[in-house]
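Colleague: Please take a close look at a single buried-or-exposed question in this model, and then follow the aromatic side chains outward from there.

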Amino acid sequence: MTPSSPTGKTPMPTASATTAGAVRRWLPLLAIAALMALVFAMGWHKLLSFKTIGTNYDAMRAFIGQNLVAALAIYMLAYIAVVALSLPGGLVMTLSGGLLFGWQIGAPATIVAATIGATLIFLVARSSLGEGLAAKAGPWLARLSEGFKENALSYLLFLRLVPAFPFVVVNLAPAVLGVPLGTYVLGTFLGIIPGSTAFSIAGAGLGSVVEAQNAAYAGCLAKNPGATDAVCPYTIDTSKLVTTELLVAFAALGVVSLIPVAVKFWSKRNAAA
């Protein structure tokens, strides 16, 4: 119980207590922002490219052959960091998982790692932003939050399945809208299964493409020692992997996920009528 003053009133929090509470609330978000700034300042985000994977393909495959568990742990930790820090390169990581481990291992590892990374940034955003924005936004956010929470799983599945919504936005919005942690984790896990599996399978089929590009790249460097990327570019075209049919399939799955919301809406409307 909170101790009362001699007058019987609950004492107001002191300035130091208020400051300490604010520091605790904002510290996780500030830590994430600092790590993001460090990664970009050091240029580490540029390593998330097919050139890095391709030029080290044989060495990576050899290491994985001898140290599968350690290699898988490194991959998952890297994926968690990419998602938690909202770094570009999720597609490269997912394709690389299928390429290096095969889709049977790469897809489950990607799904688990992406869910963990998304959950971490969700918890940070909920701690630092959720309560503060809810207090300042007023009744409109409360109404939106109630509507979202009432059908949270269906909405989350829709947002995860439809590729029109950036992954980082879908990580943050539920935190502001007060979605329960369990619902968020389940919706994220289920929602990313189709996309992660599809791109892992696509990555598993890129082995011959990577080997051909490596040979062409090595040949160009042999003819042009010390050449820049402009002279000897390392390119793997992934645009053909994201087909119209694939996007339509994801959109269709997203629509299916909203069927329970539509059914609930019509049931309420008919009951009111």
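Does Thr94 count as buried or exposed, and at what relative accessibility?

Modeller: This is a predicted model, in which local features need pLDDT of at least 70 and side-chain atom pairs count only at pLDDT 80 or more, while totals for chains, interfaces and linings use all residues. Residues are numbered from 1 along each chain as its sequence is written, and side-chain values use heavy atoms, with hydrogens and water left out.

Thr94 has 5% relative accessibility and therefore counts as buried (under 20% relative accessible area, against over 50% for exposed and partly exposed in between, with a 1.4 Å probe and protein chains only). Thr94 belongs to helix H5, which covers residues 90–101 (helices are DSSP runs of H or I of at least four residues, numbered from the N terminus). If its neighbours within four places in sequence are set aside, Thr94 is in contact (heavy atoms within 4.5 Å) with Tyr75, Tyr79, Thr110, Ser196, Phe199 and Ser200.

Two of these partners, Tyr75 and Tyr79, lead on to the aromatic side chains, since the structure holds four aromatic pairs (rings of Phe, Tyr and Trp, the last by its six-membered ring, with centres within 6.5 Å; planes under 30 degrees apart count as stacked, over 60 as edge-to-face and the rest as tilted). The ring centres of Tyr75 and Tyr79 are 5.9 Å apart and the ring planes stand at 70 degrees, so this pair is edge-to-face. Both tyrosines sit in helix H4, residues 68–84, where they are four residues apart, or about one turn of the helix. Tyr75 is buried, as is Tyr79, and together with Phe101 they form one aromatic cluster. Phe101 falls within the range of residues 90–101 given for H5.

For comparison, a further aromatic pair is formed by Tyr217 and Tyr234, with 5.3 Å from centre to centre and 80 degrees between the planes, and it is likewise edge-to-face. Tyr217 lies in helix H12 (residues 207–223), whereas Tyr234 is in the loop between H12 and helix H13 (244–257), so this pair ties together parts that are 17 residues apart in sequence. Tyr217 and Tyr234 are both buried.

Note on methods:
Helices (H or I, at least four residues) and strands (E, at least two) are DSSP runs, numbered from the N terminus.
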